[in-house]
Amino acid sequence: MKIAVCVKHVPEQSKRIDPATKRLDRSGEGAINPFDVHAVEEALKLKEDRGGEVVVVSMGPAGAQDSVRKALAMGADSALLITDEAAAGSDLVATANVLAAALESEAPDLVLFGQQAGDSDGAVLWAAVADRLHRPVISQVANLSVADGKVRGKRQTEFGYDVIEAPIPAVLAVSDAINEPRYPSLKGIMGARSKPQRTVSLSELGLEGGVTGEAGSKTVVQALSDPPPRGDTVKIEDDGSAAEKIVEFLAERKLV
Amino acid sequence: MSTLVFLEHHGNELLKPSLGVLSKATTLDQDVSGVVLGSGVRGLAEQAGKFGAARVFVADRPELEAPLPQPRVDALAGLVRDREFDTVLFASSVLAADVAGGLAARLGAGLNWDLTDLVQQNGSLIGKRPALGDTVYVDVGWKDGPRLALIRPGTFDPQGVAETPSVEIEDLEPQFEDFSLAATMVEQAHAESEGPSIEDADVIVAGGRGLGAPENFKLVEELAQALGGAVAATRAVVDAGWYPYATQVGQTGKSVSPKLYIACGISGAIQHKVGMQGSGLIVAINKDPNAPIFEYSDLGVVGDLNDVVPKLTELVRQRKS
């Protein structure tokens, strides 16, 4: 079974939006989106159970190589990174256009996503990609099994647990409760560099500029502003007396 | 402007967040339509009239019985194209997010998510979106229609406008794609266990993944008992089977607003925040000084909950005795 895992390279720490471009500043250090690590782990577990291969697919700046390599170090077999200046500033549909083209060329049995992007809080990409690929989709999967050419996902909604089944090939988004991701071993880290990694431009995927990037996006960011002011927050370090301080704080407000 | 609101339902009721979005839409547009997709749902259309919908489209089909997104994308895409809606609004939910994402791809349309307000500014529609852990507010717009938006649940309250509404009901005959009918519901909305209700509690002590192990929920339970409060949990620990679903606070769980909310080992991701930000006073105990929960706690304690929580329980017990 061939499994593609879509991963996003997201900025670490001091996240800021560039006031000039109104895009997220991606110039600093980045890392693999923590939610996507669960998707990588689930793909590796499926491969260990059933055989097959795991390919990592990412769209992002050249620095996204770091995130791709993390997934390879965990155990993925190969990687495809789509990097192109013309793809910068892509919104949902512009991103889905590119990922769908890349995934079509890989022809995986399963496509896995993490449950959301840690930078944009987006939690819709799989649905857009599944529509582009004409494949069934199951999201928020907290438990996944494969049998008889079908994939079954148990997932949580506002009302309880659903169990949904779909024929393979299918697109899935897994929740962060699905597994505890492994740490890359030293051997995995050393071996990651020598695994097949392709970096492609939009034209190499057969895409024209108009379908992605800012030109291919239908949403715009108009302005940035400060959040509404909140009440004061007090933050203390526990030096052994934190419990007393909490009680004082609650007592002043007549809550104990 | 011609606005369509996706009206989600469960247990033969239209959901409050959807009706809230419908109410909001009627303040932005005089001609708002709703759409109800399901099986045996025709009666729900009348309900929508009470909240200001001039027209409700209904697709009553067995293919729409299970709350799965893809057949809904088919039905909505046909409707939006035929009637040339320029705006489609959704109250965000597990189902609505998947429907909106799929519809955006199908129509090649712009989708903005997690909006906490919608306004008309110089003739264009603008959405307000808190970003980067609510540290910055972003005004988002659309280049052209159709404009798709997911609204953060609980943002708008439903406002009844008519006791005896005159709502026009139109039946839809959607065409379904083969791939849209490929996924099937094997078992639906099964709540795995019942627990005490947290919605009416004045004090809630909540536990998250930072507890480290399910047995450590006893620390949370003891503190809750000392304070006369209820125990709540995050989605992560509920999904991991540490605590029952009925106690879950957050986007896919319950929204609570106790006088006091004590968060133990909860990092405070946005999905949790939306379920408890209405609390009177928030106290957070977490060993990670960078946990987002500290940004919206009234009192944040950076420390080991294994030390702090038992001590706190003991002190509360002493005060009460």
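Reader: What share of the area that chain B exposes do carbon and sulfur atoms supply?
Author: Keep in mind that this is a predicted model. Chain B exposes about 12200 Å². Of that area, the part supplied by carbon and sulfur atoms is 44%.

Reader: And chain A, what do carbon and sulfur supply there?
Author: Chain A exposes about 11000 Å². Its carbon and sulfur atoms account for 49% of that.

Reader: How many helices and strands does chain B have, and is it as compact as a globular protein of its length or not?
Author: On the secondary structure side, chain B holds 8 helices and 18 strands. Its radius of gyration is 22 Å, and the globule rule gives 20 Å for 321 residues. Those two values are close, so chain B comes out as compact as a globular protein of that length.

Reader: What percentage of chain B is buried?
Author: For scale, the C-alpha trace spans about 65 × 45 × 40 Å along its principal axes. Among contacts between residues at least 6 apart in sequence, 64% join residues at least 24 apart. Of the 321 residues in chain B, the buried share is 59%.

Reader: What's the buried percentage for chain A?
Author: Chain A has 6 helices and 13 strands, and its C-alpha atoms fill a box of roughly 65 × 45 × 40 Å. Of its contacts between residues at least 6 apart in sequence, 71% join residues at least 24 apart. Buried residues make up, out of 256, 52%.

Reader: How far apart are the centres of the positive and negative side chains in chain B, and in chain A?
Author: Chain B carries 26 positive and 42 negative side chains, with the two centres 6 Å apart. Chain A has 29 positive and 38 negative ones, and there the separation is 2 Å.

Reader: Is α3(B) largely enclosed by the rest of the structure, or largely open?
Author: Helix α3 of chain B runs over residues 69–83 and reaches 21 Å from its first C-alpha to its last, close to the 21 Å expected. Its buried residues include B:Pro69, B:Val73, B:Leu76 and B:Val80. In total 11 of its 15 residues are buried, so α3(B) is largely enclosed.

Reader: Which residue follows α3(B), and what is its phi near?
Author: The helix itself covers residues 69–83 of chain B. Next comes B:Glu84, whose phi is positive, near 55°.

Reader: Which residues does B:Asp202 contact, leaving aside its neighbours within four places in sequence?
Author: B:Asp202 sits in the loop between β13 (184–190) and β14 (203–207), and at 44% relative accessibility it counts as partly exposed. B:Glu314 is 112 residues away in sequence, with 20 Å between the C-alpha atoms. The contacts of B:Asp202 are B:Pro258, B:Lys259 and B:Leu260.

Reader: Which residues does B:Lys143 touch, not counting those up to four places away in sequence?
Author: B:Lys143 belongs to the loop between β10 (136–142) and β11 (147–151) of chain B. Its relative accessibility is 42%, so B:Lys143 counts as partly exposed. The residues that B:Lys143 touches are A:Glu214, A:Ala215, A:Ser217, A:Lys218 and A:Val220.

Reader: What separates the C-alpha atoms of B:Lys143 and B:Ala109?
Author: Along the chain, B:Lys143 and B:Ala109 are 34 residues apart. In space, their C-alpha atoms are separated by 9.4 Å.

Definitions and conventions: Residues are numbered from 1 along each chain as its sequence is written. Chains are lettered from A and ligands numbered from 1 in the order in which they are written. This is a predicted model: local features need pLDDT of at least 70, side-chain atom pairs count only at pLDDT 80 or more; totals for chains, interfaces and linings use all residues. Side-chain values use heavy atoms; hydrogens and water are left out. Helices (H or I, at least four residues) and strands (E, at least two) are DSSP runs, numbered from the N terminus. The expected span of a helix is 1.5 Å times one less than its number of residues. Buried means under 20% relative accessible area, exposed over 50%, partly exposed in between (1.4 Å probe, protein chains only). The radius of gyration is taken over C-alpha atoms; the globule rule is 2.2 Å times the number of residues to the power 0.38. Contact means heavy atoms within 4.5 Å. Accessible areas come from the Shrake-Rupley method with a 1.4 Å probe; for residues, only the protein chains shown count as cover. Lys and Arg count as positive and Asp and Glu as negative; His and the chain ends are not counted. The place of a charge is taken as NZ of Lys, CZ of Arg, CG of Asp or CD of Glu.
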